[in-house]
Amino acid sequence: MKYVNEQNAARIWNNAKNKFAGKDTVVYKNQTPSTAEVGGIPKGYVPPAEGIDASDLLDKLLHAYVAPVVSASASPTNGGTFEIGTTQSVTAVVVNITLGSTAISKIEVFDGSTLIGSMTSGIKAGANTITLSSPLSVTANKQLSVTVTDGDNKTVTAKTGAFTFVSPYYWGVIGETATPTEALIKAATKVVQTKGNKSFNYTAAGQKMLFAYPKSYGVLSKILDANSFDVTGTFERTEVTVDGVAYYAYSNAASTVTSFKMTFNY
């Protein structure tokens, strides 16, 4: 038989119950792999050597395996972008589970290959909070992973948010005759963001516009003013060391503007 629908399976089960009512449990022991997938029983299924209770076999037939759906988030902060030199602490991981066809037997939290937290009882649908064996101090790029094991000993993995550490951008204005220095750059507005095109609104009173970022990001391809004119050629690029990191600092001729949008593109 290559196909048995749920209605036929239910009829077979009722007949089996009536036939064996009051008798010992019916055990299926045939060790020949099944030749086709039937309901929740995959092709090639072989029952345990000691056999499987007929009711359990029919449960497998009528209820195909469904994996749980899992998501995870670090606590108290689920990743993000942070300045190099700062520390983020993770004390727990919250694992949200939508149950599949079987209960969950274990949740494990890993930092790389190192197990840092687990839960083996009281696991439920919805949010499960796993407190780490000790708080984790995060100072470099990192993402934790979670492995969920269900009653069929099958696993599902998920990842928390990623922690990313960067050197900041700086933007602002400097004096009419000033040359960008570490002190002037650090006195400007700091923006902790990953590499990408940036736009800022400048207000200057006879001052130069300043834009600085890590040299490793490469040179700018274009600088646009509020009217979308290419003004790249009006800016001078210098190299300055900021907190031990090589920076490119762009500045232009002094001007007087109010909330004048400038866009810096790579």
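How many bridges join β14 to strand β17, and in which sense do the two strands run? In this predicted model, five bridges join β14 to strand β17, which covers residues 245–252, and the two strands run antiparallel. One position in this pairing is occupied by two tyrosines, since Tyr213 stands opposite Tyr248 in β17.

**The chain as a whole**

The protein chain contains three helices and 18 strands. Of its 266 residues, 38% are buried, and its accessible surface comes to about 14,600 Å², with 50% of that area belonging to carbon and sulfur atoms. When contacts between residues at least 6 apart in sequence are considered, 65% of them join residues at least 24 apart.

**Strand β14 and its partners**

Strand β14, residues 198–214, also pairs with strand β12, residues 169–174, through five bridges in the antiparallel sense, and here Trp171 stands opposite Phe211 in β14. A further antiparallel pairing, with eight bridges, joins β14 to strand β18, residues 255–265, where Met262 is the bridge partner of Phe200. The three pairings of β14 are set out below.

| Partner of β14 | Residues of partner | Bridges | Sense |
|---|---|---|---|
| β12 | 169–174 | five | antiparallel |
| β17 | 245–252 | five | antiparallel |
| β18 | 255–265 | eight | antiparallel |

Strand β18 also holds Ser259, a residue that has a positive phi of about 45° although it is not a glycine.

**Aromatic residues**

A search of the whole structure finds 18 aromatic pairs. In one of them, the ring centres of Phe82 and Phe165 lie 5.8 Å apart and the planes meet at 40°, so this pair is classed as tilted. Phe82 belongs to strand β4, residues 80–83, and Phe165 to strand β11, so that the two partners, 83 residues apart, link distant parts of the chain. Both Phe82 and Phe165 are buried.

Phe211 and Phe264, by contrast, form a stacked pair, with 4.0 Å from centre to centre and 10° between the planes. This pair likewise links distant parts of the chain, with Phe211 in strand β14 and Phe264 in strand β18, 53 residues apart. Phe211 has a relative accessible area of 1% and is therefore buried, and Phe264, at 1% relative accessibility, also counts as buried.

Phe211 and Phe264 are both members of one aromatic cluster, which further includes Tyr169, Trp171, Phe200, Tyr202, Tyr213, Tyr217, Phe235, Tyr248, Tyr250 and Tyr266. Several names from the strand pairings return in this cluster, among them Trp171, Phe200, Tyr213 and Tyr248.

**The three-stranded sheet and the nonpolar cores**

Elsewhere, an open sheet of three strands follows the order β3-β5-β8 with antiparallel pairing. Strands β3 (69–75) and β8 (126–138) stand at the edges, and because each has a single partner strand, one side of each is left without a neighbour in the sheet. Neighbouring strands of this sheet are turned by 20° against each other on average, with direction ignored. Strand β5, residues 88–98, pairs with β8 over nine bridges in the antiparallel sense, and Gln88 stands opposite Val138 in β8.

The largest nonpolar core has 24 residues, and those with the most contacts inside it are Val90, Val93, Val95, Ile107, Val146 and Val148. At least two residues of this core come from each of β3, β5, β6 (104–111), β7 (114–119), β8, β9 (145–150), β10 (155–159) and β11 (163–166). Leaving out residues up to four places away in sequence, Val95 touches Val70, Ser71, Ala72, Ile107, Gly126, Ala127, Asn128, Ile130, Val146 and Val148. A second, separate core of 20 residues includes Tyr202, Tyr217, Phe235 and Tyr250, and these four tyrosine and phenylalanine residues also appear in the aromatic cluster. In soluble globular proteins, nonpolar side chains tend to be buried together.

**Loops and backbone details**

Thr160 lies in the loop between β10 and β11 and, at 3% relative accessibility, counts as buried. Apart from its neighbours within four places in sequence, Thr160 is in contact with Ala72, Ser73, Ala74, Asn78, Val93, Gln143 and Leu144. In the loop between β3 and β4 lies Pro76, which is joined to Ser75 by a cis peptide bond with omega of about 10°. Asn153, in the loop between β9 and β10, has a positive phi, near 60°, although this residue is not glycine. At 63% relative accessibility, Asn153 counts as exposed.

Technical notes. Residues are numbered from 1 along each chain as its sequence is written. This is a predicted model: local features need pLDDT of at least 70, side-chain atom pairs count only at pLDDT 80 or more; totals for chains, interfaces and linings use all residues. Side-chain values use heavy atoms; hydrogens and water are left out. Two strands pair if DSSP finds at least two bridges between them. Helices (H or I, at least four residues) and strands (E, at least two) are DSSP runs, numbered from the N terminus. Axes are lines fitted to C-alpha atoms, for helices over the stretch in contact, and angles run from 0 to 180 degrees between N-to-C directions. A nonpolar core is a set of buried Ala, Val, Leu, Ile, Met, Phe, Trp, Tyr and Cys residues joined through side-chain atoms within 4.5 Å. Buried means under 20% relative accessible area, exposed over 50%, partly exposed in between (1.4 Å probe, protein chains only). Contact means heavy atoms within 4.5 Å. Accessible areas come from the Shrake-Rupley method with a 1.4 Å probe; for residues, only the protein chains shown count as cover. Rings of Phe, Tyr and Trp (its six-membered ring) pair if their centres lie within 6.5 Å; planes under 30 degrees apart count as stacked, over 60 as edge-to-face and the rest as tilted.
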